[in-house]
Amino acid sequence: MQLEAKNISFGYSKSKKIIDNLSIRIPSGERTALIGPSGCGKSTLAKILAGYIKPDRGEVLFEGKPLPAKTYCPVQLIYQHPEKSINPRWKMRRTLNEAWKPEEGFIKKIGIEPEWMNRYPAELSGGEMQRFSIARALGPETRFILADEITTMLDVITQAQIWDLMLSVVRERNLGLFVVTHSEELAKQICNNIVYFEDLMK
Ligand SMILES: Nc1ncnc2c1ncn2[C@@H]1O[C@H](COP(=O)(O)OP(=O)(O)OP(=O)(O)O)[C@@H](O)[C@H]1O
Ligand SMILES: [Mg+2]
């Protein structure tokens, strides 16, 4: 089982390629970190791997097949800026239930207080919001999580809590994990395999 990008190229404009003939194979049974400097294209690659952006060339395969376009995607991306990916006018309950309908026990396990469900995104702290993003991505059909700098904006204690939680769910459900980060230290703590962005396009 693996998530794979084969010879992908992509640019937001025709004149400038962000990703040029990149290939990567990420085994499902491992925790892999992607490290690279700011602006190099990590979030762009994560969006391509999750099927949100279609590459200009090349293909993304999960377990040997293209990602499904119409049914639930088993590869789920947790965003670097969760507030940008959700509707500011919806209460959190609606945002979460749009993805799937977790039971109360699951919500508790993720560390979401029931009362937060009735709030708008602007009424949550960064850490509280990120717990919702994690919950949203962990539907029963999820097989692989792409975590794009999900704790960069949080304090050290909250960071540790969020990663403990993520890793426990990843282990329990045997999910693949791909962690995008600037931090080599975090990568070493969480992952058993580190990939450097600049090495992927050689
Ligand atoms: N929607 C967009 N339209 C045009 N250019 C974009 C868009 N999103 C990103 N870019 C540009 O593409 C390049 C790669 O951006 P990306 O967000 O993938 O970098 P990153 O490696 O994730 O950076 P960071 O570590 O700061 O999050 C940057 O030069 C950025 O300005
Ligand atoms: Mg980024």
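1. In this predicted model, Gln76 stands opposite Ile145, a residue of strand S7. The two strands concerned are S6 and S7, the latter spanning residues 144–148, and they pair in the parallel sense over four bridges.

2. Where does this pair belong? S6 and S7 are part of an open sheet of five strands, whose order is S6-S7-S8-S3-S9 and whose pairing is parallel. The edges are taken by strand S6 (75–78) and strand S9 (193–196), each of which pairs on one side only. From one strand to the next, the twist averages 20°.

3. Which strands of the parallel sheet does helix H1 touch? Helix H1, residues 42–49, packs on this sheet and touches strand S3 (31–35), S6, S7 and strand S8 (176–181). The direction of H1 makes about 155° with that of S8.

4. Helix H5, residues 156–173, also packs on the five-strand sheet. Its contacts are with S3, S6, S7 and S8, and its direction makes about 155° with that of S8.

5. There is a second open sheet, with four strands in the order S2-S1-S4-S5 and antiparallel pairing. Why do S2 and S5 each have a side without a neighbour in the sheet? Strand S2 (19–27) and S5 stand at the edges and have a single partner strand each, so one side of each is left free of a neighbour there.

6. The pairings of strand S1 can be followed through one residue, Ala5. Six bridges join S1 to S2, and these strands run antiparallel; here Ala5 stands opposite Ile24 in S2. Strand S1 (residues 2–10) also pairs with strand S4 (residues 57–62), in the antiparallel sense and over five bridges. In S4, Val60 is the bridge partner of Ala5.

7. S4 continues the sheet towards its S5 edge. Strand S5 consists of residues 65–66 and is joined to S4 by two bridges, the two strands running antiparallel. Leu61 has Pro66, in S5, as its bridge partner. S4 and S5 form a hairpin with two residues between them, and Glu63 in the turn has a positive phi of about 50°.

8. Helix H1 has a place in the antiparallel sheet too. H1 packs on that sheet, touching S1, S2 and S4, and its direction makes about 120° with that of S1. A reader tracing H1 will therefore find contacts with strands of the four-strand sheet as well as with S3, S6, S7 and S8, given that contact means heavy atoms within 4.5 Å.

9. How many residues surround ligand 1? The count is 13, and the closest are Ser38, Gly39, Lys42, Ser43 and Thr44. By type, the shell divides into four nonpolar, seven polar and two charged residues.

10. Several polar atoms of the protein can be placed relative to oxygen atoms of ligand 1. A polar side-chain atom of Gln80 lies 3.0 Å from an oxygen atom of the ligand. For His182, an N or O atom in the side chain is 3.1 Å from a ligand oxygen atom. With Cys40 the atom involved is a polar backbone atom, 3.3 Å from an oxygen atom of ligand 1. The accessible area of ligand 1 on its own is 640 Å², and the protein covers 60% of it.

How values were computed. Residues numbered from 1 in each chain as written. Chains lettered and ligands numbered in written order. Predicted model: local features only at pLDDT ≥ 70, side-chain atom pairs only at ≥ 80, totals over all residues. Heavy atoms only, no water. Pairing = 2+ DSSP bridges. Axes fitted to C-alpha atoms, helices over the stretch in contact; angles between N-to-C directions. Near = heavy atom within 4 Å. Polar contact = N/O pair within 3.5 Å; in protein donor to acceptor, adjacent residues only side chain to side chain. Areas by Shrake-Rupley, 256 points an atom, 1.4 Å probe, with all protein chains shown as cover. Nonpolar A, V, L, I, M, F, W, Y, C, P; charged D, E, K, R; others polar.
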